[in-house]
Amino acid sequence: MTEKKEPIYIEGAVDEIIYCNEDNGYTVLMLDAESDLITVTGELGIIEEGEELRLSGEFVEHPRFGPQFRAVTCERKLPATETAILKYLASGAIKGVGPTLAAKIVNKFGADSLDIIENHPEKLSEVKGVSISKAEDISQEFKRIHGVRTLMIFLSEHAISPSAAMRAWKRWGQYSQEIIKGNPFVMCENGIDVDFGVADKMAASLGISHDSPDRVLA
């Protein structure tokens with residue numbers, strides 16, 4: 001009997017996104033883990049430079065690209081330091097914010113920049129070249145991105161992949177989590193394609209009755 005390998009955990013900041021498939025979330029990136037650059041692959045969803053990640057998985061040897069870390073799970077959080085926030089904003093993660101504007105925002109608000117963008121967008125108009133309407137657009141785009149991230153984290157707790165989370169977001173947008181919490185079996189629909197057993201475990205953990213009409217229908 002083959003002994004099951006214990007997962008390896010690594011942590012660090014995303015240094016560079018090499019490849020990202022927006023349809024299924026498959027990503028190749030460089031992770032700065034205590035000054036060691038590690039090539040990471042896996043269905044990680046929409047990841048941006050500067051994000052902090054905690055990954056579980058295993059190291060493998062790719063025949064062409066050499067040693068890589070194949071990630072199975074991904075815990076993520078927004079950058080917290082000025083340097084990481086600047087890298088995140090300058091990467092183009094938020095539509096309408098490029099390197100020049102990113103530098104202006106971080107110079108003005110420092111480590112509070114993301115909080116300002118999310119919760120106090122009117123203050124962005126204090127930055128030269130940012131109108132009230134543009135500030136609101138930036139804030140809404142950030143909240144949209146944050147919504148995708150929040151959905152992925154929520155579904156990962158129920159063993160549902162980032163690719164399925166992205167398909168759900170494309171279908172239901174900002175209402176995805178509310179819809180899924182109300183009826184996890186919608187994830188079994190064509191186009192989302194989550195296995196019934198996985199959805200059933202999720203439903204049980206959310207306190208949905210075994211004889212629920214939604215379960216019977218699914």
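**Exercise 1. Classify Cys-20 by exposure, then find how many disulfides the structure holds.**

*Solution.* Start with Cys-20: its relative accessible area is 30%. Buried requires under 20%, exposed over 50%. Cys-20 is therefore partly exposed. The model is predicted. Now look for a partner. The closest cysteine sulfur belongs to Cys-74, 12 Å from the sulfur of Cys-20. A disulfide needs two cysteine sulfur atoms within 2.5 Å. The Cys-20 sulfur is therefore too far away for a bond. Widen the search to the whole structure: zero disulfides turn up. For practice, apply the exposure classes to Cys-188: at 24% relative accessibility, Cys-188 is partly exposed.

**Exercise 2. Place Ile-18 in its strand and its surface patch.**

*Solution.* Ile-18 sits in strand S1, which spans residues 8-20. Its relative accessibility is 48%, so Ile-18 counts as partly exposed. Next, find its patch partners. Ile-18 joins Tyr-19 and Tyr-26 in a nonpolar surface patch. Together the three have about 290 Å² of accessible area.

**Exercise 3. Dissect the largest nonpolar core, then locate a second one.**

*Solution.* Begin with membership: the largest nonpolar core has 21 residues. Tyr-88, Leu-89, Ile-94, Ile-117 and Leu-124 touch the most other members. Then assign elements. Helices H1 (82-90), H2 (99-109), H3 (113-119) and H4 (132-156) each give two or more residues to this core. H2 gives the most, with five. Now trace Leu-89, setting aside neighbours within four places in sequence. Its contacts are Ile-94, Val-97, Gly-98, Ala-102, Ile-105, Val-106, Leu-114 and Ile-117. Finally, turn to the separate second core of 18 residues. Among its members are Met-152, Trp-169, Val-186 and Met-202.

Key
Residues numbered from 1 in each chain as written. Predicted model: local features only at pLDDT ≥ 70, side-chain atom pairs only at ≥ 80, totals over all residues. Heavy atoms only, no water. Core = buried A, V, L, I, M, F, W, Y, C linked by side-chain atoms within 4.5 Å. Buried < 20%, exposed > 50% of the residue type's maximum accessible area, 1.4 Å probe, protein only. Helix = DSSP H or I, 4+ residues; strand = E, 2+ residues; numbered from the N terminus. Contact = heavy atoms within 4.5 Å. Patch = residues over 30% accessible without salt bridge, like charges linked within 9 Å, V, L, I, M, F, W, Y side chains within 5 Å. Areas by Shrake-Rupley, 256 points an atom, 1.4 Å probe, with all protein chains shown as cover. Salt bridge = Lys/Arg side-chain N within 4 Å of Asp/Glu carboxyl O.
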